[in-house]
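Please work through the exercises that follow with the model open beside you. Each one sets a task and then gives a solution that goes step by step.

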Amino acid sequence: MARKYRNQNQIKENIAGYAFVMPALVTYVLLIAFPFFLTLILSFTEFNFLKVRSLAKLGKYISWIGLDNFRAILRDRRFMQSISNTFVYAFTTVPASIVLGLVIAYLLNGRVFCKKPLRLAFFIPYISSIVALGAVFKFLFREDGLVNRALMGLGWIAEPWKWTVEPSLSKIPIIFLVIWTSLGYVMIIYMAALQNVPRSLYEAATIDGASGFQQFTRITLPMVSPTTFYLVIVRLIAIFKIFGSVNVFTMGSSIASNTSIVQEIYSSAFSDYAHGYASAQSVVLLLIIILFTAINFGGQKKWVHY
Amino acid sequence: MKKVLCLLLAALMLLPTLAAFAEGEDITSWILEDDTSISGEISFWMPFKGSQGMDALIADFNSIYPNIKVNLNTYNNNSDGNLSVNTSILAGEVDVLASFGLSNAYKRWEAGLYVDLTDLVEEEGIDLVANWGSDAFKYDDCIYTFPCGGLSYYVAINMNAWNAAGLGELPTEWTWDDYFAASKAMTEYNEDGTVKVYGGSSYHSQNYYTYVYGSLVGKNAYYDEDGTCSFDNPVIIKALQDEYNAEIVDKIWFPKSIYRGDNLQSQQTFLVERTCNSSLTPNMVRFLPDTANYGVDFITGFAPWPVIEKGQTNYMSGVSPFSHAGICMDPDDEDFPAAWAFLKWYSTYGVKYLAAAGHQPNWKGTEAGSALSLLFGSEEEAAKFVDVESFKRVVGVSTNPSYYEDELTAYSKVNSLMAEYTMYALNDVMSPEEALAELTKLADEAIAAER
């Protein structure tokens, strides 16, 4: 009898558990799992969603073309260029924002005048609209913008540089923008990590005669290495998916030297309406992210101290 | 015998009159429904706002069809705006749609977003050539839209600068060399020798140098007769080289690299910032009456699109088809007759209202001179803004030879390649010849891949 009640209670508990999980589960299935698997399937097809008249007959509008989209990607000059551009953004902005974020967090973690306003000042760009910030940066870097005027005023350049349309320069404003906007996030995460480094380690090091720099490199860096690892992963994924800040700068310029992978995917999907091809490009992006995340996880044993 | 000859002669003399009468009947008899009291409610999607002539258009329509309610939805004619239009069509929110730019119309024909009007056109005996000058705008031999709106290409000129440079009367025909010479004469310099105001400017879009070739051949500036791309044509190579020289070497044209890099448009450099004294343009007239945003202290004169050699037929002097109107509503919808009545009226009588937004009616029955009064209210008012005589001579002359495009193989890809490589030349990254050689190779590959 007691066992029967236990079973009934167990069932009730299970039902209640599933009921609590259900909203999140349904949301996950509908908004993440279903689109993910649909993208995988569509990457092997030719598909234009504009032609779909009835969802019941969806199959009629989808043509299976095997690996053709992936073969086309290998010949797609603009997409290959966008991969190379995105790698440049990743390998410049991620280390720079992490190093600068750590330095700023370390400085703001000590005794600093106006600590809170300074924290806020560094964090505001992270929570601001990227379109608005991009417009400001574009204004700064335009032909008669502040950057050119300053450089000319200093006598470093004779004529204004074409930051937004000259291929060799066009990534630089975007790199500055991305570093500036991500600095606040990196700083906040590091500040939390720094608070967790035991004070006793620094006290012991001070007694042993370690300098401030030695304490930073021998205590702080190893102790925050799990945070650094987390930030490398998170920032790399964010930069591989970069869109808004690049789009503000590339809008209208037509050059390929500063586009990003997601921008090319967007263009294939919503300018050319080649949704099968855009799905294949998305799968390539996914593989790149998985590859880099796996490399990071593989390499972490050598430098991350838990 | 003499009587017979006289009768025959008289009949021959009457023929053109009869033909004209027949022609006149052909292009108006089908427009209005027999019953103009039909009722319905339709949504009309268009890139222009109510204040840009669309409120007047709907009011005019309602004076004939009082029981059809037309709801105007204004969209942005950029890729995001067109995407929202397409998703709205799928959601059944769009009844009558004016697509701007052939590539946008083509994507909708291809995706079946417009209703096939072929049977209705045949039933009502609508003559596409007589009404809009061409029956080339079909997809799979079906008619989806009427090519009723157009653009007129010309050079807008600051008459203060023109007169100060002592350039005399505005030309009725001129060559590119003449325009470059005038641009040089109108260029103003600072004391240190740097340019204060450029004498001329291309339009802010990248493709305008290809219209030098378009004005010569009359159609499809991107494509040769054999279907390959035309970017290796000597006329196009010279046109880009000329633009490069004007912008980079001689510094007499406002640089396109600044237009593209700083997201500027030619009406801003001509009317707001006053950094150029003349500009190639298809729509400058739209901004002239807007004194709140574009108020100027000079009269704008108009010169025709320049030609390569005088005497050449100038296909850029007429009105080129640009906007295409059709129905997106389900043909079984009860409001479909109202949508059809509106489409027919808009594509003919109503299309003159495009002039208020700087575009031109492409319907052959449009009353001459209506653009001037729609834009400025009256000729007297217009004289405060424009040189009326040159306006009438140059802007929106639908009887002049017109350039058009009907070849669309890999159009989107070719167009984006053209934009990219043109900027490499005008940013001085590649020479114009190198850029066009590379562009030709890639564009031909794109065309071959799609064929």
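## Chain B as a whole

Within chain B, 76% of the contacts with a separation of 6 or more are between residues 24 or more positions apart, a contact meaning that the C-beta atoms of two residues, placed from the backbone, lie within 7 Å. The model is a predicted one, in which local features need pLDDT of at least 70 and side-chain atom pairs count only at pLDDT 80 or more, while totals for chains, interfaces and linings use all residues. Residues are numbered from 1 along each chain as its sequence is written, and chains are lettered from A and ligands numbered from 1 in the order in which they are written.

**Exercise 1.** Describe the make-up and the dimensions of chain B, and decide how its radius of gyration compares with the globule rule.

*Solution.* Begin with the secondary structure: chain B holds 20 helices and 13 strands, where helices (H or I, at least four residues) and strands (E, at least two) are DSSP runs numbered from the N terminus. Next take the radius of gyration, which is computed over C-alpha atoms and set against a globule rule of 2.2 Å times the number of residues to the power 0.38. For chain B the radius is 23 Å, close to the 22 Å that the rule gives for 451 residues, so the chain is as compact as a globular protein of that length. The C-alpha trace spans about 70 × 60 × 55 Å along its principal axes. Finally, 49% of the 451 residues count as buried, that is, with 20 or more other C-beta atoms within 10 Å of their own (exposed means 12 or fewer, partly exposed lies in between, and C-beta atoms are placed from the backbone).

**Exercise 2.** Establish the strand order of the six-stranded sheet in chain B, and follow the chain between strand 1 and strand 2.

*Solution.* The six strands form an open sheet with mixed pairing, in the order 2-1-3-12-4-13; two strands pair if DSSP finds at least two bridges between them. Strand 2 and strand 13 (360-361) are the edge strands, each pairing on one side only. Consider then the parallel pair, in which strand 1 (residues 40-46) is joined to strand 2 (residues 68-74) by seven bridges, and in which Ser43(B) has Asn71(B) as its bridge partner. Between these two strands the chain passes through helix 2 (residues 54-64), giving a right-handed β-α-β crossover; right-handed here means that, with the strands pointing away from the viewer, the path from the first strand over the helix to the second runs clockwise. For an antiparallel pair, turn to strand 3 and strand 12, which five bridges join, with Leu97(B) partnered by Gly326(B).

**Exercise 3.** Find what covers the buried residues of helix 15 and of helix 4 in chain B.

*Solution.* Helix 15 (residues 336-346) is mostly covered, since nine of its eleven residues are buried, among them Trp340(B), Phe342(B) and Trp345(B). These buried residues pack against strand 1, helix 2, strand 2, strand 3, helix 5 (118-123) and strand 12. In helix 4 (residues 102-110), the buried residues include Leu102(B), Tyr106(B) and Trp109(B), and their cover includes strand 3 (96-100), strand 4 (145-152) and strand 12 (319-327). After helix 4 comes Gly112(B), whose phi is positive, near 70°.

**Exercise 4.** Characterise the contact between the two domains of chain B.

*Solution.* First set the bounds, which come from an automatic or database domain assignment: domain 1 is 31-152 + 318-366 and domain 2 is 154-316 + 387-450. The C-alpha centres of these domains lie 29 Å apart, and the contact takes 21 residues from domain 1 and 20 residues from domain 2. On the domain 1 side, helix 4, strand 4 and strand 12 each supply at least two residues. That side divides into nine nonpolar, eleven polar and one charged, counting Ala, Val, Leu, Ile, Met, Phe, Trp, Tyr, Cys and Pro as nonpolar, Asp, Glu, Lys and Arg as charged, and the others, Gly among them, as polar.

**Exercise 5.** Determine whether Val178(A) is buried or exposed, and list what it touches.

*Solution.* Val178(A) sits in helix 7 (residues 171-195) of chain A. Because it has 25 C-beta neighbours inside 10 Å, Val178(A) counts as buried. Not counting residues up to four places away in sequence, Val178(A) touches Tyr89(A), Thr93(A), Ile239(A), Ile242(A) and Ser245(A).
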